[in-house]
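Hello,

Here is the structure I promised to pass on. My notes on what turned up follow below it.

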Amino acid sequence: MKETRTQMGRRAFLIELLFAMVAMGICAAICLAGFVHSDRLSQRSYAQSQSVVRVQTAVEQFKADPMAAGVSADAKTLRYYDSEWNEVDAQVEDGYRLELTSCTEEQGLYSALFCMWSEEGAALYSVETKKYLPARAREAGV
Amino acid sequence: MIKRESNTGGGEFLFNILLFCMFAFFALAVLLAGAKAYRTFAARIDDNFAVRTAAGYLTNKLHQNDAENSVSITEFGGVPAIALTQPGLEDYHTLIYCSGGALREIFAHVEFEMDPDSGMEIVESQGLEFEQRPGGVWVRVLDGAGDATEFFVAVRSDAA
C-alpha cells in the first residue's frame with residue numbers, strides 16, 4: 001500500500017505540529033520556571049526594602065532614647081509584621097519579626113544590633129548602631 | 001476506498017486544528033503569565049522606590065537641619081508640612097509637604113504666600129502626615145498606590 005502524496009503531506013504536517021508543541025512545552029516550562037524565580041527575587045527585594053525602612057525606624061528610636069531599649073545580651077523581639085508589612089501583635093504565617101539582637105553599654109556608649117527576620121528564619125536586614133550618652137544625661141534619664 | 005480516505009482526512013484535519021488551537025492557547029497563556037509577572041515586578045519596584053525615596057529624603061533633610069528651633073511641624077496650603085529653617089537665615093524656610101499627588105519641597109520667605117503646587121516635586125505620593133513624638137517626628141507616607149508606610153526620625157535638638 002503506497003501512501004499518496006496528500007497523505008504524506010498530512011503526516012509531515014502532523015509531525016511538524018507535534019514537534020512544535022513539544023518545543024513550545026519545553027520553552028514554556030523554562031519561561032515559567034524563570035518567572036517563578038524572578039517572582040521570588042522580587043518578593044525578597046521588596047521585603048528587604050521594607051525591612052530597611054522598619055529597621056531604620058528602630059535605629060532612630062534607639063538614637064532618640066538608647067536607655068529605653070534596655071541593656072541585655074539576650075535577643076528581644078520588638079515588633080511583628082504580617083506578609084503585607086502591617087504591624088501585628090504576634091508572629092503570623094509568612095510574617096516578619098524585628099528583633100533587638102543585643103544591646104550593650106560601656107562607659108556611656110550604647111551599642112545595639114537590630115535584625116529583621118522572615119518566618120523561615122532568614123535574616124533580611126541587620127544593622128548595628130551606637131549612641132553615646134554622657135554620664136549627666138544617663139543620670140537625668142535623657 | 002475513496003470514501004474511507006476522505007473520512008480519515010477529515011479526522012486528521014480536525015486533530016490538526018485541535019493541536020494548533022492547543023499550541024496557540026499555551027503560547028498565549030505563557031505570554032499572559034509573562035505580562036502579569038512583569039506588571040507585578042514593576043509595581044513592586046515602584047513601591048520600593050516611592051517608600052525608600054520618601055523615607056531617605058525626609059530622614060536626611062531632618063538630620064541635616066537638626067538644630068535648635070530649626071525643625072517644626074506646620075501647615076501649608078491646608079496640608080501638613082515640615083518647616084526647616086537654618087540658623088542665621090530665619091526669614092526663609094524650606095517646606096516639605098504633599099500636594100498634587102507628589103511629595104514636594106519649596107524654599108521661600110516665611111511671609112510669602114505660595115501656591116503649594118509650585119513646589120519642586122520629589123516623588124509621587126498621595127499623602128504625608130507628621131506627628132511630634134518624644135525625641136523626634138513620626139512620619140506617615142502614602143505612596144502612589146495609596147499604601148501607607150510609617151517611620152520615625154530622631155531629632156536631637158528636639159525642637160519639632
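Let me begin with A:Trp85, which is buried, at a relative accessible area of 4% (buried means under 20%, exposed over 50% and partly exposed in between, with a 1.4 Å probe and protein chains only). A:Trp85 also has a positive phi of about 70°, although it is not a glycine.

Before you read on, please note that this is a predicted model, in which local features need pLDDT of at least 70, side-chain atom pairs count only at pLDDT 80 or more, and totals for chains, interfaces and linings use all residues. Residues are numbered from 1 along each chain as its sequence is written, chains are lettered from A and ligands numbered from 1 in the order in which they are written, and side-chain values use heavy atoms, leaving out hydrogens and water.

Chain B has another positive phi: B:Asn69, not a glycine either, is at about 60°. B:Asn69 is exposed, with a relative accessible area of 61%.

A:Glu60 may interest you too. This residue is buried yet has no salt bridge, and A:Lys63, the nearest side chain of opposite charge, is 6.0 Å away. (A salt bridge is a side-chain nitrogen of Lys or Arg within 4 Å of a carboxyl oxygen of Asp or Glu; Lys and Arg count as positive, Asp and Glu as negative, and His and the chain ends are not counted.) The side chains of A:Glu60 and B:His63 are joined by a polar contact of 3.0 Å (a pair of N or O atoms within 3.5 Å; within protein, one must be able to donate a hydrogen and the other to accept it, and residues adjacent in sequence count only if both atoms are side-chain atoms).

Best wishes
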